[in-house]
Amino acid sequence: MNGINVTPTQILAGVGVLLVLFWVWRSGARRAKAAAEATRSGARLVSLVGRVLFNAGLILAVQWVVIAHQGNRWLLLAVLGLPALFAAYALTRALTVTTVDTSKRGGRR
């Protein structure tokens with residue numbers, strides 16, 4: 001019978017090669033995942049900027065119409081004050097530092 005003779009050194013070399021190939025495959029997958037996440041983040045930023053500009057233009061158009069055709073002082077106050085309230089709320093939420101204090105004692109969730 002013709003058997004295949006493999007020495008322990010050859011087995012260790014084969015396992016080493018398999019580990020290196022696995023390591024290279026995993027690092028490539030991680031790099032691809034990081035690149036995809038960076039692309040998604042960039043797309044989200046562009047999408048957010050577009051939505052902000054559209055909404056700002058819409059608010060500006062409504063304010064311009066109300067100011068150009070002045071008639072009711074309360075309407076003017078509402079048109080100028082309501083967007084200011086939304087902007088103040090968004091800025092306050094964005095600039096407020098909050099912490100989440102969780103207690104590990106008691107074991108309850």
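These legends go with a set of close-up views of a predicted model.

Residues are numbered from 1 along each chain as its sequence is written, and side-chain values use heavy atoms, with hydrogens and water left out. In this predicted model, local features need pLDDT of at least 70 and side-chain atom pairs count only at pLDDT 80 or more, while totals for chains, interfaces and linings use all residues.

**View 1. The whole chain, for orientation: two helices and zero strands.** Helices (H or I, at least four residues) and strands (E, at least two) are DSSP runs, numbered from the N terminus. H1 takes in residues 8–68, and H2 covers residues 73–95. Of the 109 residues in the protein chain, 5% count as buried; that label means under 20% relative accessible area, with exposed over 50% and partly exposed in between (1.4 Å probe, protein chains only). The accessible surface adds up to about 10,500 Å², and carbon and sulfur atoms own 69% of that. Areas are Shrake-Rupley values with a 1.4 Å probe, and for residues only the protein chains shown count as cover.

**View 2. A nonpolar patch on the surface, made by Ile 4, Val 6, Ile 11, Val 15 and Leu 19.** Together these side chains offer about 510 Å² of accessible area. Patch members need over 30% relative accessible area and no salt bridge; like charges are joined within 9 Å, nonpolar side chains (Val, Leu, Ile, Met, Phe, Trp, Tyr) within 5 Å. A salt bridge, for the record, is a side-chain nitrogen of Lys or Arg within 4 Å of a carboxyl oxygen of Asp or Glu. Ile 11 belongs to helix H1 and is partly exposed, at a relative accessible area of 48%.

**View 3. Phe 22 and Trp 25, an aromatic pair.** A search of the whole structure turns up one such pair. Phe 22 and Trp 25 sit 5.8 Å centre to centre with 40° between the planes, so the pair goes down as tilted. The rule: rings of Phe, Tyr and Trp (its six-membered ring) pair if their centres lie within 6.5 Å, and planes under 30 degrees apart are stacked, over 60 edge-to-face, the rest tilted. About one helical turn separates the two, because they are three residues apart in helix H1. Phe 22 is partly exposed at 48% relative accessibility, whereas Trp 25 is exposed at 55%.

**View 4. Ser 27 and the backbone of Val 24.** Ser 27 is a helix H1 residue and counts as buried, with 16% relative accessibility. Its side chain gets to the backbone oxygen of Val 24 at 3.0 Å. That is a polar contact: a pair of N or O atoms within 3.5 Å, where within protein one must be able to donate a hydrogen and the other to accept it, and residues adjacent in sequence count only if both atoms are side-chain atoms.

**View 5. Where residues of H1 meet Val 79 and Ala 78.** Gln 63, in helix H1, is buried at 16%, and its side chain reaches the backbone oxygen of Val 79 at 3.2 Å. Val 66 is also in helix H1 and is buried at 14%. The C-alpha atoms of Val 66 and Val 79 are 7.4 Å apart, with their positions 13 residues apart along the chain. For Ala 78 and Gln 63, 15 residues apart, the C-alpha separation is 9.7 Å. Ala 78 lies in helix H2 and is partly exposed at 41%.

**View 6. The start of H2, with Asn 72 and Trp 74.** Here a side-chain oxygen of Asn 72 comes to within 3.1 Å of the backbone nitrogen of Trp 74. As for H2 itself, the expected span is 1.5 Å times one less than its number of residues, so its 23 residues should cover 33 Å; the end C-alpha atoms are 32 Å apart, which agrees.
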